[in-house]
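Trainee: I should like to understand how the terms used for this model are justified. May we take them in turn?

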Amino acid sequence: MDTLVEYKNVSKSYASSRSSIVALENISIQIGHNEFFVIIGPSGSGKSTLLKMTAGLMNPTGGEILVKGRNPREARKDIGIVFQRPILLRWLSILDNVLLPTDILGLDRDNSRSRAHELLGLVGLRGFENNYPFELSGGMQQRVALCRALIHDPSLLLMDEPFGALDALTRDEMDHELLRLWGGSKTVIFVTHSIPEAVFLADRVAVFTTRPGRLASVVDIDLERPRRQEVRYSEKFGKYAENLLRTISGGKSQLNT
Amino acid sequence: MCERLSTAIPQCCETVLSRANTNRILYPLIIIIALIVGLQFGLTAFGVSKIFLPTPAEVWGSLSTYSSLFLTEGLFTLEEILTGFMVGAGVGIGLAIMMFYSTRVRNSILPLLIIFQVIPRIALAPLFIIWLGFGFTYKVVFTIFIAFFPVIVSSIGGFMSVEPEEMELFQSLNAGSRITFRRLLFPTALPELFSGLKVSMTLAMVGAVIAEFLAGSTGLGYLIVTADQTLNTPMMFGGIVVLAIMGLGLYGALEMLQRLMIPWFYLERNKR
């Protein structure tokens, strides 16, 4: 496997007034080219922290993160991020929101413009180019955020619970759409705390435990691609989900939770 | 379906907007006209002295007789207001930017600003007269000091309302502080900045007129004080009417600038 992102003994602790709080402890993972990698864990397991460090928004307090063999800060042009909320700029049209990274990174606007139209078409937002964000629903706004993260064609896409705020139906639909857009042609690191979402999307799932955030295990999801919604009802899918739940609850069988 | 939605929304916004606009102009206008007519008849019927309270017709008479006087003095005052407002707003925004970016600047300036804010600034006017004389400079400086504070408060409030995730988005794109200011902080602050500017504009009018009350021999403030000394109440009211019209014009100009610069703000607000 060709490595794109490498975590070497990564730790992160926050200094508070009395003591220091350990958010992440000794994380070592290698993520391959074009892999769909999902991180799952309860709140406070440091998964968002890991994602932010991967984007170069924070530094680890121990260990090292390499994106394409470089410090994440130097790889920023090659990273796209989707946050928990769409955070579109209220004063820009949908098209200009998608083009924002182009302007900031100083890329060619004409090329990007046609790419923006194409991306918006792919997520079903053709015809909304000149609308303002407030005219769109939450799901539509998050689709725009996805287009914005992809406009500069990054090889690494970081997603921090991007569909967590959406209703269950929209969420399933967005997962499916995301897989279609991804098509095995990018590396994605996707943070979630939904087990079905993790199984549906991932090539591999990393399970984090909480306080301090540790890597409990990495599970291979061996389901055929392309995946369709029906796969959610297969026996194999159920097995994977059950397995993950056991790992998350620390081996104790708490299936009734 | 999608196309229908996208065209339907702006259209419905526009009709709501224009109806709201006519109501906002029409109803107050009716009340003002009723007030003028009522005053005219009431004051004549009860034979109230024009030194005590002149009728609208007498005020109009004064305005038309001395129209060129009102115009020249009005222009003096307008010049003071505009200069004071613009310099004050500029200083306010500049201080706000410095205070936003540097904690050291914020910590050292903020206590001074608050102390300065709690001193009734009118008490400082005699000092300004000693330092700067009776002329234009004194009046403008006084106006600046009266007007700049709301702009500082509203700009800082506006910059602070940028959300951490928005900053992270820009950071993740390697945006320098200039681009982040121009493309994120400034546009975010604009709606709040405009409400500060409107308050500052009205304060600038207060500042200029008070400065003219206290010293010098020009402007509407001076005109009103002089008319007072000769018991020329219609002329005092004439000065007040000119100030009111000027104030409305300045406020309206700011409102229009705001609509030009942040149209999305109105569309968004009308939807909610």
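Trainee: How many residue pairs are in polar contact between chain B and chain A, and what makes a pair count?

Mentor: There are 7 such pairs between chain B and chain A, both residues being at pLDDT 80 or more. A polar contact is a pair of N or O atoms within 3.5 Å; within protein, one must be able to donate a hydrogen and the other to accept it, and residues adjacent in sequence count only if both atoms are side-chain atoms. This is a predicted model, in which local features need pLDDT of at least 70, side-chain atom pairs count only at pLDDT 80 or more, and totals for chains, interfaces and linings use all residues. Residues are numbered from 1 along each chain as its sequence is written, chains are lettered from A and ligands numbered from 1 in the order in which they are written, and side-chain values use heavy atoms, with hydrogens and water left out.

Trainee: Why is the pair Glu165(B) and Arg85(A) called a salt bridge?

Mentor: A salt bridge requires a side-chain nitrogen of Lys or Arg within 4 Å of a carboxyl oxygen of Asp or Glu. The N to O value for Glu165(B) and Arg85(A) is 3.2 Å, so the pair qualifies. The count between chain B and chain A is 5 salt bridges.

Trainee: Which helix gives the most to the side of chain B that touches chain A?

Mentor: That is α8(B), with 7 residues; helices here are DSSP runs (H or I, at least four residues), numbered from the N terminus. By class, this side of chain B has 14 nonpolar, 5 polar and 8 charged residues.

Terms used. Helix = DSSP H or I, 4+ residues; strand = E, 2+ residues; numbered from the N terminus. Nonpolar A, V, L, I, M, F, W, Y, C, P; charged D, E, K, R; others polar.
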